[in-house]
Amino acid sequence: MGVTNDDVVVIQKGRNPGEPCCVTVNCPDKTGLGCDICRIILDFGLYITKGDVSTDGIWCYIVLWVVPQSSSLILRWSNLKNRLVSVCPSCIVSFYLDQSSMHSTSSQVYLLKFFSLHRKGLLHDVTQVLCELELTIQRVKVMTTPDGRVLDLFFITDNMELLHTKKRQDETLEQLHAVLGESCISCELQLAGPEYECLQGISSPSPEVAEELFGYELSDKEIRSQALSPDMSKLKKASVTVDNSLSPGHTLLQIHCADHKGLLYDIMRTLKDCNIQIAYGRFSPNSMGYHDLDLFIQQKDGKKIVDPEKQSALCSRLKVEMLHPLRVIIANRGPDTELLVANPVELSGNGRPRVFYDVTLALKSLGICIFLQVLC
């Protein structure tokens with residue numbers, strides 16, 4: 001249709017500080033495009049306040065209004081635009097041809113190793129720098145020595161695919177030294193070797209722990225412990241309904257729920273994994289602190305969802321993902337406390353963005369120190 005890369009993604013900043021920025025995507029359609037876009041926006045630390053999407057099955061038009069999750073967030077708008085362009089079907093080839101060097105679809109893994117004096121919030125401060133630099137954390141191993149020093153191993157990939165260059169490596173090390181300050185003893189960055197393969201051999205959770213983490217229903221113990229929580233009462237009011245009477249060719253999916261970080265991503269991720277196509281959708285807040293989402297959808301074969309069992313399964317799955325975007329277990333292990341955090345991964349293999357960032361931020365805010373940690 002003659003649309004250039006500059007027109008595929010347009011970002012219009014708010015006129016005044018604090019006003020939402022408008023992100024417009026205009027490109028050929030594909031199943032799961034909304035999920036891919038929402039994941040990138042979440043990865044940049046942005047919050048979607050409202051949105052509209054429409055498609056005729058061939059061409060897609062998406063408008064999202066976004067604001068930073070934090071006032072201190074450093075945003076590289078040009079990088080956000082490039083990342084969004086890279087997932088649009090019409091621009092995948094041209095985007096990568098513009099790179100200075102060709103690379104495989106599997107990004108190289110680098111090892112960031114630093115040795116420093118221990119202090120509260122150290123792990124989150126490092127994580128924040130890596131997020132701002134658009135470096136994705138694949139695995140982490142944190143070890144604290146008896147004399148109060150820490151050895152941290154971060155296995156990272158570069159969303160910009162530039163970490164092989166000296167300029168990008170120097171920028172990363174410079175910003176890390178700035179946040180570590182005088183507590184830094186040494187800091188190194190290199191291609192990952194056999195140590196990365198060793199960490200990949202870490203065993204999975206036991207079946208009992210996995211069931212508790214990913215079970216679709218709240219246990220009686222959870223229900224009793226959360227019965228007095230106003231936040232849980234609000235979350236429990238989430239509703240998902242299906243209506244086939246308003247459109248001859250589409251099923252109307254209506255969602256009403258409390259807001260949380262990445263809500264639209266969680267919904268889009270679930271629909272993508274279920275091979276559900278969206279023809280038209282509107283995401284908007286209401287005055288009571290809830291969000292309403294109306295989606296006209298079809299199955300992959302272009303038909304409405306008329307089977308009651310399929311309708312029920314889709315509604316149940318969406319409600320579970322809205323109520324449990326993250327699964328958390330806190331357990332006593334002798335003198336220590338173990339915090340286990342997990343979240344579902346897309347069928348494509350992409351994990352939820354910034355989970356490690358959010359967990360370390362929460363622990364820093366609570367003044368809780370981490371002396372041993374493994375991310376896998």
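Reply: A residue is called buried when its relative accessible area is under 20%, exposed when it is over 50%, and partly exposed in between, using a 1.4 Å probe and protein chains only. This is a predicted model, where local features need pLDDT of at least 70, side-chain atom pairs count only at pLDDT 80 or more, and totals for chains, interfaces and linings use all residues. Residues are numbered from 1 along each chain as its sequence is written, and side-chain values use heavy atoms, with hydrogens and water left out.

Me: What percentage of the residues in the chain is buried?

Reply: Of the 376 residues in the chain, 42% are buried.

Me: How many helices and strands does the chain have?

Reply: Both are DSSP runs numbered from the N terminus: helices are H or I with at least four residues, and strands are E with at least two. Here they come to 13 helices and 15 strands.

Me: How do I read a sheet, and what is the strand order in the open sheet of eight strands?

Reply: In general, the strands of a sheet pair through backbone hydrogen bonds, either parallel or antiparallel. Two strands count as paired if DSSP finds at least two bridges between them. The open sheet here follows the order β1-β2-β4-β3-β11-β12-β10-β9, and its pairing is antiparallel. Its edge strands, β1 (9-12) and β9 (239-243), each pair on one side only. On average, neighbouring strands are turned by 15° against each other, direction ignored. For such angles, axes are lines fitted to C-alpha atoms, for helices over the stretch in contact, and values run from 0 to 180 degrees between N-to-C directions.

Me: How many bridges join β11 to β12?

Reply: Eight bridges link β11 (residues 277-285) with its antiparallel partner β12 (residues 290-298). Try finding G281, which sits in β11. Its bridge partner in β12 is L295. G281 is buried because its relative accessible area is 2%. The C-alpha atoms of G281 and F296 are 6.3 Å apart, while the two residues are 15 apart in sequence.

Me: Which residues is G281 in contact with, leaving aside neighbours within four places in sequence?

Reply: Contact means heavy atoms within 4.5 Å. By that rule G281 meets G51, D52, V53, D294 and L295, once neighbours within four places in sequence are set aside. Across the chain, among contacts between residues at least 6 apart in sequence, 67% join residues at least 24 apart.

Me: Which strands does helix α11 lie across?

Reply: Helix α11 (residues 263-273) lies across β3 (46-55), β4 (59-68), β10 (251-258), β11 and β12, at about 20° to β12. Another helix, α12 (residues 308-323), crosses β9, β10 and β12, and runs at about 155° to β9.

Me: Is R269 buried or exposed?

Reply: R269, a residue of α11, is buried because its relative accessible area is 3%. Beyond residues up to four places away in sequence, R269 touches C35, E321, P344 and E346.

Me: How should I read salt bridges, and how many does a search of the whole structure find?

Reply: The general idea is that side chains of opposite charge can pair when their charged atoms come close. A salt bridge here is a side-chain nitrogen of Lys or Arg within 4 Å of a carboxyl oxygen of Asp or Glu. The whole structure has 22 of them. One joins R39 to D36, with the closest N and O atoms 3.4 Å apart. R39 and D36 are three residues apart in helix α2 (residues 33-43), so about one helical turn separates them. R39 and D36 are buried. Another salt bridge pairs E321 with R327 at 3.6 Å between the closest N and O atoms, and both residues are buried. Through shared partners, salt bridges join K30, D36, R39, K272 and E346 into one network.

Me: Where does the largest nonpolar core lie, and how many residues does it have?

Reply: In soluble globular proteins, nonpolar side chains tend to be buried together. A nonpolar core is a set of buried Ala, Val, Leu, Ile, Met, Phe, Trp, Tyr and Cys residues joined through side-chain atoms within 4.5 Å. The largest has 49 residues, with I37, I255, I267 and L271 making the most contacts inside it. Helix α2 gives the most to this core, with seven residues. Domain 1 (9-87) and domain 3 (229-323) both contribute residues, so this core lies between them; the domain bounds come from an automatic or database domain assignment. A second, separate core of 26 residues includes L123, V126, V129 and V150.
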